[in-house]
Amino acid sequence: MNLSSFDYFVALAQEGSFTKAAQRLYITQQSLSSQIASLERELGCQLVVRRIPLELTYAGHVFLKYALAMQQQMLNLRREFCDITQNQKGILRVGIAFTRGRALMPGLIAQFQAQYPNIEVQLVEAANKTLYHNLLNGQTDLAIANFTAAAPEVELCDFYCEQVVLLAENNLLKRTVSLNTAALRKQLECGDLSALHSCPFVLGTFDNIAGKIGRSLIEAAGFSPVVKAKSGNVETLLALCAQGIGACFCPQNLVGAALSASKLKQMQMFCLGSQAKYAIRFGFLRTNYQWKVIEQFIDIAKRCTAL
């Protein structure tokens, strides 16, 4: 058994396929299969059930736990010596939601690269739930998300407060809302959406934070919304909203990343009060050694957001 055995098995377990794992490892499928078979002979038990989809045996799950721990230990070793020698290099894997990444990462990575030119930032973009799962499984070093709670092995650190706003195209509001813009704005700032009972909506899915908040506010207003479209992609919802198809709930700081200034001029953006705010936090695993680069990335991110 050697260190490669752990890497091969982790890749196979995470990909769930010999073909995909071999592609990830840049080896042939036959070589990977041979390595896993050799590992099983050495351990004296079957680790995987070779069918589609591939499954781990009980022994496979036990070995995966040790393999992930060994990978983390080797990663910590390399990173600690990078800190000791002040020769920072390697890959920093950051998990973040798609649109939030587009809004935050370009400026942040530029600032980070100015100080750490030899560190590659590898973005792993996914939904909130997947980001947490990837962090626990060691597939990312740092995650930026709406973490409301964490397992004991995860450390959380506040980043910034995100505000969900309501956007609607001007002509849509004129057709469907009796209040003028000023009166509507005042009412919506209190979180009261009752004036929008005749306005159609384009809504996020149930695992979307803005979608959850929007549905909660609509329910509190006591009406059933006219839903024209649903999507888990915020940019798609904003594009539909800009076409006048329906009003849209969206985090305020993501609006500018998805819509041009000319599109925004044709729309109204409304604040929805304190109930539409939530915290965005950093999450990272508690390990026996914390790479200084992770701390520096967090510090740079906080400074960039404060500007």
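In this account, helices and strands are runs assigned by DSSP, a strand requiring at least two residues, and they are numbered from the N terminus. On that basis β1 covers residues 48-49 and β2 covers residues 55-56, and the loop between these two strands contains Pro-53. The model described here is a predicted one.

The overall dimensions of the chain provide a frame for the details. The chain has 13 helices and 11 strands. Along the principal axes, its C-alpha atoms fill a box of roughly 75 × 45 × 35 Å. Of the 307 residues in the chain, 44% are buried. Among contacts between residues at least 6 apart in sequence, 72% join residues that are at least 24 apart.

Three places in the backbone merit attention, and a general rule helps in reading them. Most residues other than glycine have a negative phi, and most peptide bonds are trans. In the loop that holds Pro-53, the peptide bond that joins Ile-52 and Pro-53 is cis, with omega at about -5 degrees. Tyr-26 is not a glycine, yet its phi is positive, near 60 degrees. Tyr-26 is found in the loop between α2 and α3, and its relative accessibility of 76% places it among exposed residues, for which the cut-off is over 50%. Gln-86 likewise has a positive phi, near 55 degrees, in a residue other than glycine. The loop between α4 (58-85) and β3 contains Gln-86, and this residue counts as exposed because its relative accessibility is 71% and the cut-off is over 50%.

The loop of Tyr-26 leads to the two helices that it separates. Two packed helices are described by the angle between their axes and the distance between the axes. For helix α2 (residues 18-25) and helix α3 (residues 29-43), the axes come within 8 Å and cross at roughly 105 degrees. Because angles of 65 to 115 degrees count as roughly perpendicular, α2 and α3 are described in that way. On the α2 side, the contact is made by Phe-18, Thr-19, Ala-21, Ala-22 and Leu-25, while α3 contributes Gln-29, Leu-32, Ser-33 and Ile-36. By class, this contact of α2 with α3 has six nonpolar residues, three polar residues and no charged ones.

The loop of Gln-86 leads in turn to strand β3. Strand β3 (residues 90-96) runs parallel to strand β4 (residues 119-125), and seven bridges join the two. Within this pairing, Gly-95 stands opposite Val-124 of β4. Between the two strands the chain passes through helix α5 (residues 98-115), and the resulting β-α-β crossover is right-handed. Ile-96 of β3 stands opposite Glu-125 in β4. Strand β3 also pairs in the parallel sense with strand β5 (residues 142-145), over three bridges. In that pairing, Gly-95 stands opposite Ala-143 in β5. Gly-95 thus has a partner in β4, namely Val-124, and a partner in β5, namely Ala-143. Five of the seven residues of β3 are buried, each having under 20% relative accessible area, so the strand is largely enclosed by the rest of the structure.

Two further residues lie later in the sequence. Lys-174 belongs to helix α7 (residues 170-176) and is exposed, with a relative accessible area of 68%. Lys-174 is 25 residues from Cys-199 in sequence, and the C-alpha atoms of the two are 9.8 Å apart in space. Gln-275 occupies the loop between β10 (267-271) and β11 (277-285). With a relative accessibility of 40%, Gln-275 falls between the cut-offs of 20% and 50% and therefore counts as partly exposed. Leaving aside residues up to four places away in sequence, Gln-275 touches Cys-190, Gly-191, Ile-213 and Leu-217. Gln-275 and Arg-50 are 225 residues apart along the chain, and 50 Å separates their C-alpha atoms.

Technical notes: Residues numbered from 1 in each chain as written. Predicted model: local features only at pLDDT ≥ 70, side-chain atom pairs only at ≥ 80, totals over all residues. Heavy atoms only, no water. Pairing = 2+ DSSP bridges. Helix = DSSP H or I, 4+ residues; strand = E, 2+ residues; numbered from the N terminus. Right-handed = clockwise from strand over helix to strand, strands pointing away. Axes fitted to C-alpha atoms, helices over the stretch in contact; angles between N-to-C directions. Parallel < 35°, antiparallel > 145°, perpendicular 65-115°, else oblique. Contact = heavy atoms within 4.5 Å. Nonpolar A, V, L, I, M, F, W, Y, C, P; charged D, E, K, R; others polar. Buried < 20%, exposed > 50% of the residue type's maximum accessible area, 1.4 Å probe, protein only.
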